[in-house]
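Work through the exercises below with the structure open beside the text. Each one sets a task and then solves it step by step.

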Amino acid sequence: MDTWVMQMNYPTVFIKRDSDKLVLTQSRYLLDKEAIDPDIYKSSFGYKWVIPVTFTTSLNLRFIQSAKDIIWMDIHNSDVTISSAMSGSSSNDWYIGNVMQNGYYRVNYPEENWIKLIQQLKTDHTIIPPINRAQIINDAWNLAKSGDVNTYVALQTLEYLVKEDNYIPLRAAWMEIRYLWGAVSETDLNSTFSKVVKRMLSKQFNMYGMDNTGAGHTETITRSEIVNIACAYESEERIQNCTDIFKKYMDNPVENPIDVNLRRTVLCTAIRHGGLKEYELLERKYKASDLSSERSTLRDALSCSKDVKIIQRYLRNILHTEDVPKEDAVKAVLHISTTEIGRLQALEFIKGNWDVIFNRLVKSAKEQDKLLSGIYDMTRTAEEIKKFAYLIKDSPTMMKLNHKPGVELSNSRNKWRKRNYHNIKKWLLYQNI
């Protein structure tokens with residue numbers, strides 16, 4: 001266990017085919033290879049791990065394995081060769097490592113094996129268990145973000161989703177769809193992206209309605225996620241469902257309560273597609289509530305508006321009234337920044353009111369760290385990062401905090417967006433034919 005607890009990070013296992021053999025190589029996974037290692041924590045193992053590797057192939061499907069099936073990689077041998085692993089297989093057969101994702105490592109392959117796995121998902125995804133379907137999506141995307149896999153390959157792992165109905169791979173896909181939305185939301189690709197996502201998840205949008213009656217836990221959380229995504233990507237039917245539910249709730253909240261598992265999405269959608277009347281109703285409920293969970297839901301819903309005037313009103317209330325408690329203020333601003341229109345409003349608000357925010361609203365180290373992380377999460381360009389760097393330099397307290405991870409992560413995202421714009425555009429145009 002020393003290699004896992006006495007050094008940072010975790011490994012990637014690269015598996016390539018050599019005739020009827022499989023050759024395994026390990027390396028340290030780094031999201032940003034250009035980031036400068038401060039060299040504070042030295043590794044006596046040279047960032048090599050003792051790794052329990054498992055695999056299966058399309059010719060010999062074995063997703064249920066035991067300890068005796070493990071192939072051990074250690075820190076002394078750079079490569080491990082598995083003889084006859086692909087014996088009898090053709091050039092069309094695929095292989096997959098980390099069966100049932102029991103190991104804590106990523107798996108990478110030559111591009112031809114990625115394409116074969118993607119083709120299997122499109123042909124019959126049920127051949128591969130849900131955990132490994134999720135792993136294919138998760139590994140491909142995180143390796144694309146680090147530059148180890150072509151982004152066009154990662155994008156193709158989403159193409160089979162029209163057939164998917166299991167929560168685990170859907171959850172993995174939704175995480176990457178949200179990441180992808182962040183890359184295109186303020187570009188000319190945004191409209192096409194929304195159309196592609198709507199078509200890609202049309203089966204799920206139609207399969208799951210708004211009624212959780214009798215639903216089990218997994219179905220309930222799946223429905224909650226699907227309704228949320230459907231509304232976010234402008235599914236007319238689901239938006240109408242949410243606004244209808246909210247209108248009944250406005251008329252008589254006692255007799256028409258909103259399902260607690262759909263509440264956040266319904267309220268947010270009603271505010272986003274409503275006006276001042278809907279906003280003021282929730283604002284009154286927020287002020288009157290003394291339940292922290294309800295206040296959190298209402299606070300986030302109030303930030304969903306697409307109306308710039310309403311957003312600005314909300315931001316003024318945060319700063320100049322006691323309507324939004326100090327402990328909720330930073331959370332409210334950061335949640336506003338998660339919307340397409342609210343992001344720029346939140347950035348300008350923080351820039352224009354830095355001293356007041358810092359002196360009045362942000363007191364504890366935890367709140368300072370949360371604000372700092374939020375700022376770097378919402379910055380999309382090098383220019384935006386520079387603007388905040390000037391503000392932070394004027395604050396001795398903020399200068400004491402560790403800015404390096406936030407700056408590196410923000411820079412990494414920005415570089416990825418620029419580097420992959422044409423890949424994303426090519427894929428979206430192909431999907432939208």
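## Exercise 1: A buried salt bridge

Arg 299 and Asp 328 are both buried, where buried means under 20% relative accessible area, exposed over 50% and partly exposed in between (1.4 Å probe, protein chains only). The model is predicted, so local features need pLDDT of at least 70 and side-chain atom pairs count only at pLDDT 80 or more, while totals for chains, interfaces and linings use all residues. Residues are numbered from 1 along each chain as its sequence is written, and side-chain values use heavy atoms, with hydrogens and water left out.

Task: find how Arg 299 and Asp 328 are joined and which elements hold them.

Step 1. The closest N and O atoms of Arg 299 and Asp 328 are 3.4 Å apart, and the two residues form a salt bridge. A salt bridge is a side-chain nitrogen of Lys or Arg within 4 Å of a carboxyl oxygen of Asp or Glu.

Step 2. Arg 299 lies in helix H12 and Asp 328 in helix H14 (residues 326-336), so the pair ties together parts that are 29 residues apart in sequence. Helices (H or I, at least four residues) and strands (E, at least two) are DSSP runs, numbered from the N terminus.

## Exercise 2: Two further salt bridges

Task: for Lys 122 and for Arg 133, name the salt-bridge partner, then decide whether each residue is buried or partly exposed.

Step 1. Lys 122 forms a salt bridge with Glu 159, with 2.5 Å between the closest N and O atoms. Lys 122 is in helix H2 (residues 111-124) and Glu 159 in the loop between helix H4 (151-156) and helix H5 (167-184), so parts 37 residues apart in sequence are tied together.

Step 2. Lys 122 has 27% relative accessibility and counts as partly exposed, whereas Glu 159, at 15%, counts as buried.

Step 3. Arg 133 meets Glu 164 in a salt bridge of 2.8 Å, N to O. Arg 133 belongs to helix H3 (residues 130-145) and Glu 164 to the loop between H4 and H5, so this pair ties together parts that are 31 residues apart in sequence.

Step 4. Arg 133 is buried at 4% relative accessibility, and Glu 164 is buried at 0%.

Step 5. For the whole structure, the count of salt bridges is 24. Glu 186, Arg 343, Arg 380 and Glu 384 are linked in a network of them.

## Exercise 3: Cysteines

Task: find which cysteines form a disulfide, and explain why Cys 231 and Cys 242 do not bond.

Step 1. A disulfide is a pair of cysteine sulfur atoms within 2.5 Å. A search of the whole structure finds 1.

Step 2. The disulfide is formed by Cys 268 and Cys 304, with their sulfur atoms 2.0 Å apart. The torsion about their S-S bond is about -105°, so the disulfide is left-handed.

Step 3. The pair links distant parts of the chain: Cys 268 is in helix H10 (residues 263-272), and Cys 304, 36 residues apart from it, is in the loop between helix H12 (292-302) and helix H13 (308-320). Both cysteines are buried.

Step 4. The surroundings of Cys 268 fit this, since 9 of the 10 residues of H10 are buried. Their cover includes helix H8 (217-232), helix H9 (236-251), helix H11 (276-288) and H12.

Step 5. The sulfur of Cys 231 is 3.5 Å from the closest cysteine sulfur, in Cys 242, which is too far for a bond. Cys 231 is buried at 0% relative accessibility, and Cys 242 is buried at 0% as well.

## Exercise 4: Aromatic pairs

Task: classify the pair of Trp 4 and Trp 49, and the pair of Phe 246 and Tyr 249.

Step 1. Rings of Phe, Tyr and Trp (its six-membered ring) pair if their centres lie within 6.5 Å; planes under 30 degrees apart count as stacked, over 60 as edge-to-face and the rest as tilted. The structure holds 12 aromatic pairs.

Step 2. The ring centres of Trp 4 and Trp 49 are 6.3 Å apart and the planes are at 50°, so the pair is tilted. Trp 4 is in helix H1 and Trp 49 in the loop between strand S2 (21-28) and strand S3 (51-53), 45 residues apart.

Step 3. Trp 4 is partly exposed at 23% relative accessible area, while Trp 49 is buried at 0%.

Step 4. Phe 246 and Tyr 249 also form a tilted pair, 6.1 Å centre to centre with 40° between the planes. Both lie in helix H9, 3 residues apart, about one turn of the helix.

Definitions and conventions
Contact = heavy atoms within 4.5 Å.
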